[in-house]
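Subject: Structure handover

Hi,

Here is the structure I promised to pass on to you. My notes follow below it, and I hope they give you a handy way in.

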Amino acid sequence: MEGLAMLGQLIGQIQDLLQLHGSPPPPPPPSHFRLLQPHLHPDDHHRRWCLHNVDYTSTDDYYSLVMAAGKSGSCKMLEPFEPPGPPPSKKSRKGRTQEKLHGSTAIPEAEVMEQDIWKEFPEDLLEAIIARLPIASFFRFRSVCRKWNSLLELQSFSQRCAEIPQGNTWFYAFTHDNVNSGTMYYDPSMRKWHHPAYRPTKMIALPVASAGGLVCFLDIGHRKIYVCNPLTRSFKELPTGSVKVWSRITVGMTLNGNSTTGGYKVMWVGRDGECEVYDSVKNSWSRPGRMPSNIKVPLSLNFLSQAVSVDNTLCFMRSDPEGIVSYNMDTGVCKQFIIPAPLHLSDHSLAEWKGRIMLVGLLTKNAATCVCIWELQKMTLLWKEVDRMPNVWCLEFYGKQVRMTCSSNKGLLMLQLRSRQMNRLVTYNVMSREWLKVPGCVVPRGRKQQRVACCIAFNPCLTATA
């Protein structure tokens, strides 16, 4: 009964409030009880309130409703009705983007790294983790702090990197627009260009060979040979050799072992059979002598005839007679293999994959041109065709004078196909037999697409030193 009296008192106070504001009593609705709602008279803009359908015969039900609402906190004091304000203004796209960025970059408090915990992280474990990062990611992480930037100088970090197998092949390229400084890297696994790349000298030196993360450059104008790691900028100018005609030599490079820790060798061979070998451990050139008398000279070589290394043996392509000349860098033994070239072969280059010698070249007959891949059969010493470029791509070469250059490393080839109307870059994977077009390269903050003048394949390595 006490609760019923409280309910009746509440209803009486509400009615007195309605009479004070002069609101007419609402018409009784035909159905169930509804909560308090705002009511505006059409001729009056004052704020008024009305109570719908309060039936005194059902006070028990209302009492239970009021008590339940009070316990749950859903019953609140009546507030005056506020007319709806103007519609929210439409935000710009920039404003919406900023809100999304702020919302997405907010770090929950539970995910904040505790310094007391992470400052005790073992150094050797940290080095092991960073050594396994992709090359591009590592150079981004070097900007985090001075400590990470100096990792390349630590002997322990170099040992960690040496224990990890070498990563994917990259290509070191030079552009036509700025031969002196326009350099960049291409990562085939990500199909992405990275730039700017390091150039060892302001002279016009062209990359001619690579081994173990090191690239060898030939400066014809100044008659010099350089070796550098384009990633770490480790650079060395080799002592002056006895080269006579620099435009008529070809250069090859091998490692003394499986890594650059044991040093490397650089060899040049002239068209008349003369040659020299540079040993980085001795820092000097040696002359093993001329080619054996059974090897016919001239060799028809030039600096664009890139050599390939097979088990520490350099192989050079020659013509008249057609075949291959090999030189073992350990024993100094030189051999010649007479191998007829495929018919209608024009521009061509050697490649290597898992100890196998491959040949890539242009087949031109009448107005049709196609790129083909051959493998040397060791038993018969003949070239066997194993693949060729898709016919749809070859149609683009029809009726054009196409020239080709090729650079390869570990079965990954980059072909540069060019004519007056075309400059196309294509990669070919010997293992998967996959042909891919290289995306165009635009320098940062620029719109003009760069034209590649030449490139060299190399294995990016953080610890290789010249």
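To start with a small puzzle: is lysine 224 buried, partly exposed or exposed? Lysine 224 counts as partly exposed, because its relative accessibility is 32%. Please keep in mind throughout that this is a predicted model.

First, the overall picture. The protein has 466 residues, and 41% of them count as buried. Its secondary structure comprises nine helices and 28 strands. About 28,300 Å² is exposed, with carbon and sulfur atoms supplying 54% of that area. Of the contacts between residues at least 6 apart in sequence, 50% join residues at least 24 apart.

Now the charged pairs. Searching the whole structure turns up four salt bridges. One of them joins the side chains of lysine 224 and glutamate 237, at 3.6 Å from N to O. Lysine 224 sits in strand β8 and glutamate 237 in strand β9, 13 residues apart. Like its partner, glutamate 237 is partly exposed, with a relative accessible area of 40%.

Another salt bridge links arginine 403 with aspartate 347, whose closest N and O atoms are 2.8 Å apart. Arginine 403 belongs to β22 and aspartate 347 to β18, so this pair ties together parts 56 residues apart in sequence. Aspartate 347 counts as buried at 15% relative accessibility, whereas arginine 403 is partly exposed at 49%.

Arginine 424 and glutamate 396 form a salt bridge too, with 2.5 Å between the closest N and O atoms. Arginine 424 lies in β24, while glutamate 396 is in the loop between α9 and β22.

Two of those arginines bring us to a sheet. Four strands make up an open, antiparallel sheet in the order β22-β23-β24-β25. Because β22 and β25 are at the edges with a single partner strand each, one side of each has no neighbour in the sheet. From one strand to the next, the twist averages 20°. β23 and β24 pair over seven bridges, and leucine 412 has asparagine 429 in β24 as its bridge partner. β24 and β25 pair over four bridges, with threonine 427 partnered by leucine 436. These two strands form a hairpin with four residues between them, where arginine 433 in the turn has a positive phi of about 55°.

Finally, one for your charge checks: glutamate 375, in strand β20. Glutamate 375 is buried without a salt bridge, and the nearest oppositely charged side chain, arginine 356, is 4.0 Å away. Its contacts beyond four places in sequence include Arg356, Trp383 and Lys384.

Best wishes

Conventions:
Residues numbered from 1 in each chain as written. Predicted model: local features only at pLDDT ≥ 70, side-chain atom pairs only at ≥ 80, totals over all residues. Heavy atoms only, no water. Buried < 20%, exposed > 50% of the residue type's maximum accessible area, 1.4 Å probe, protein only. Lys, Arg positive; Asp, Glu negative; His and termini not counted. Contact = heavy atoms within 4.5 Å. Pairing = 2+ DSSP bridges. Axes fitted to C-alpha atoms, helices over the stretch in contact; angles between N-to-C directions. Areas by Shrake-Rupley, 256 points an atom, 1.4 Å probe, with all protein chains shown as cover.
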